[in-house]
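Student: I've got a model open and I'd like to learn how to read its odd backbone spots and its empty spaces. Can you walk me through it?

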Amino acid sequence: MDLPPDLAAALDAAASDLPLRELEASAERLITRYRTPGRADRPILAGRADAVAYAAYRMPATWAAVSAVLDAVAERLPAFAPRSLVDVGGGTGAAAWAASEAFESLKEILILDQVGEALELGRRLAGDAFSGALRHAEWRQARFPGEIPGADLATVSYVLSELSPTDQEALVRAAAAAAETIAVVEPGTPDGYQRILAARDVLIALGLRVVAPCPHSAACPLAGTRDWCHFAARIHRSPLHRRLKGGDLGHEDEKFSYVVATRAPMPAGAPSRILRHPQIRKGLVMMQLCEPQGTTAQVLVSKRQGDVYRAARDAEWGDVWPPTAPPASPDQSRT
Ligand SMILES: C[S@@+](CC[C@H](N)C(=O)[O-])C[C@H]1O[C@@H](n2cnc3c(N)ncnc32)[C@H](O)[C@@H]1O
């Protein structure tokens with residue numbers, strides 16, 4: 001994925017105001033802090049340089065993860081057209097940018113965060129956005145737990161790890177009380193997955209149903225195993241991004257775990273979800289799936305299956321399977 005050009009230009013402009021050394025020092029401190037997730041007693045973003053460093057080195061990746069999540073929502077709920085978004089712990093607005101691109105229906109965007117400098121920067125980045133909803137978004141300082149204003153869609157992106165387990169649950173409950181559809185995104189690590197599992201349990205207990213990634217609202221079949229449900233979004237790095245991350249690669253793969261749940265009616269017949277990179281062998285594609293009945297399965301698709309095989313060769317980790325209305329596939333073999 002490439003950052004939207006208006007966001008890429010805004011990030012370059014914001015970073016050009018500060019000495020590179022200062023940004024590098026902030027980025028290094030933040031990278032170390034975010035590597036060890038845990039409750040933050042004080043805000044992690046401590047001032048303008050931190051906010052700019054976060055936006056330059058981290059926001060492209062969180063934007064890519066939330067974009068992938070919201071694309072999965074749009075695929076599963078084609079009629080979903082939210083008019084309002086509340087981005088909880090929105091920081092510099094990565095999820096708001098992703099949502100404004102995924103849903104042109106958005107008219108009102110509210111970003112809530114405890115750090116004034118992050119909100120101030122977010123407002124500035126959005127100032128020249130192509131999306132009118134983003135340009136006119138409200139950036140409001142708020143500390144959680146606390147009430148969240150109502151909206152059609154709530155995003156909680158890369159926030160839970162900074163809260164205690166009790167506050168994580170309170171935040172998910174408050175988001176579910178505020179919005180019909182809630183998207184919670186965390187790093188794609190085993191502990192990020194655990195926080196998503198806990199959030200998923202809370203949302204289901206409140207009567208919501210899972211939109212994605214799970215094709216069911218039953219217990220997660222990976223819970224209690226050594227595996228964890230996560231996905232990846234590839235983002236191309238700008239020269240500034242590369243410099244702040246200290247790497248030569250032209251891209252990075254952001255791993256993320258997520259759950260999206262809703263009270264809205266959902267179309268019947270959720271397709272399976274591909275849980276790993278499909279393995280391609282000679283004349284054979286092997287996929288690990290999470291299935292609508294709440295189980296996982298290894299599925300083999302062979303060259304003899306013609307169009308199904310060609311679709312399997314194009315399928316990627318995180319996609320639904322089959323990609324469109326299920327084609328009859330009599331000899332699809334499970335292992
Ligand atoms: C890692 S950043 C994620 C920002 C943004 N959502 C994203 O995906 O890029 C976490 C954000 O959550 C905010 N946050 C953490 N705890 C909070 C609290 N108790 N109240 C309000 N905001 C909080 C932080 O200030 C920070 O901006």
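Tutor: Sure. Keep in mind that this is a predicted model. Let's begin with a loop: Pro-322 sits in the one between β13 (320-321) and β14 (333-334).

Student: What is the peptide bond from Trp-321 to Pro-322, cis or trans?

Tutor: The general idea comes first: most peptide bonds are trans. Here the bond that leads from Trp-321 into Pro-322 is cis, and its omega is near -5°.

Student: And which form does the peptide bond from Ala-212 to Pro-213 take, cis or trans?

Tutor: That bond is cis too, with omega near 0°. You'll find Pro-213 in the loop that runs between β6 (209-212) and β7. Hang on to Pro-213, since it will come up again when we get to the cavity.

Student: What about phi? How do I read the value at Tyr-158?

Tutor: Start from the general pattern again: most residues other than glycine have a negative phi. Tyr-158 is not a glycine, yet its phi is positive, about 55°. Look for Tyr-158 in the loop between β4 (151-157) and α8 (165-178).

Student: Okay, on to empty space. How many cavities of 30 Å³ or more does a search of the whole structure find?

Tutor: The idea is that rolling a probe the size of a water molecule over the atoms shows where empty space is left. In this model the search turns up one cavity of 30 Å³ or more. The largest cavity holds about 160 Å³ of space.

Student: Which residues lie nearest its centre?

Tutor: Tyr-193, Pro-213, Cys-214, Cys-220 and Cys-229 do, out of 19 lining residues. So there's our cis Pro-213 again. Two elements, α9 (190-205) and β8 (251-262), give two or more residues to that lining, and α9 gives the most, with four. Sorted by class, the cavity lining has 14 nonpolar, three polar and two charged residues.

Student: Why does the cavity lie between domain 1 and domain 2?

Tutor: Because both domain 1 (5-262) and domain 2 (272-334) give residues to the lining of the largest cavity.

Student: Is there a pocket I can read in the same spirit?

Tutor: Try the second largest pocket, with about 440 Å³ of space. Its lining has 21 residues, and the closest to its centre are Ala-232, Glu-316, Trp-317, Gly-318 and Asp-319. At least two lining residues come from each of α4 (59-76), β7 (231-236) and β8, with α4 giving the most, five residues. By class, that pocket's lining has 11 nonpolar, two polar and eight charged residues. The second largest pocket also lies between the domains, because domain 1 (5-262) and domain 2 (272-334) both give residues to its lining.

Student: Last one: the ligand. Which residues come nearest to it?

Tutor: Of the 19 residues around the ligand, the nearest are Tyr-54, Thr-62, Gly-89, Asp-113 and Ser-157. Once you have the shell, go through the polar atom pairs. A ligand nitrogen is 2.8 Å from a backbone N or O atom of Gly-89. On the side-chain end, an N or O atom of Asp-113 is 2.6 Å from a ligand oxygen, and one in the side chain of Ser-157 is 2.5 Å from an oxygen atom of the ligand.

Student: How much of the ligand's accessible area does the protein cover?

Tutor: The ligand has 590 Å² on its own, and the protein covers 98% of it. By class, the shell around the ligand has 10 nonpolar, six polar and three charged residues.

How values were computed
Residues numbered from 1 in each chain as written. Predicted model: local features only at pLDDT ≥ 70, side-chain atom pairs only at ≥ 80, totals over all residues. Heavy atoms only, no water. 1 Å grid on protein atoms, 1.4 Å probe; cavity = no way out; pocket = protein on both sides within 12 Å on 5 of 7 lines; lining within 4 Å. Points joined across faces, edges and corners; volume = space filled by probe spheres on them. Nonpolar A, V, L, I, M, F, W, Y, C, P; charged D, E, K, R; others polar. Domains from an automatic or database assignment. Near = heavy atom within 4 Å. Polar contact = N/O pair within 3.5 Å; in protein donor to acceptor, adjacent residues only side chain to side chain. Areas by Shrake-Rupley, 256 points an atom, 1.4 Å probe, with all protein chains shown as cover.
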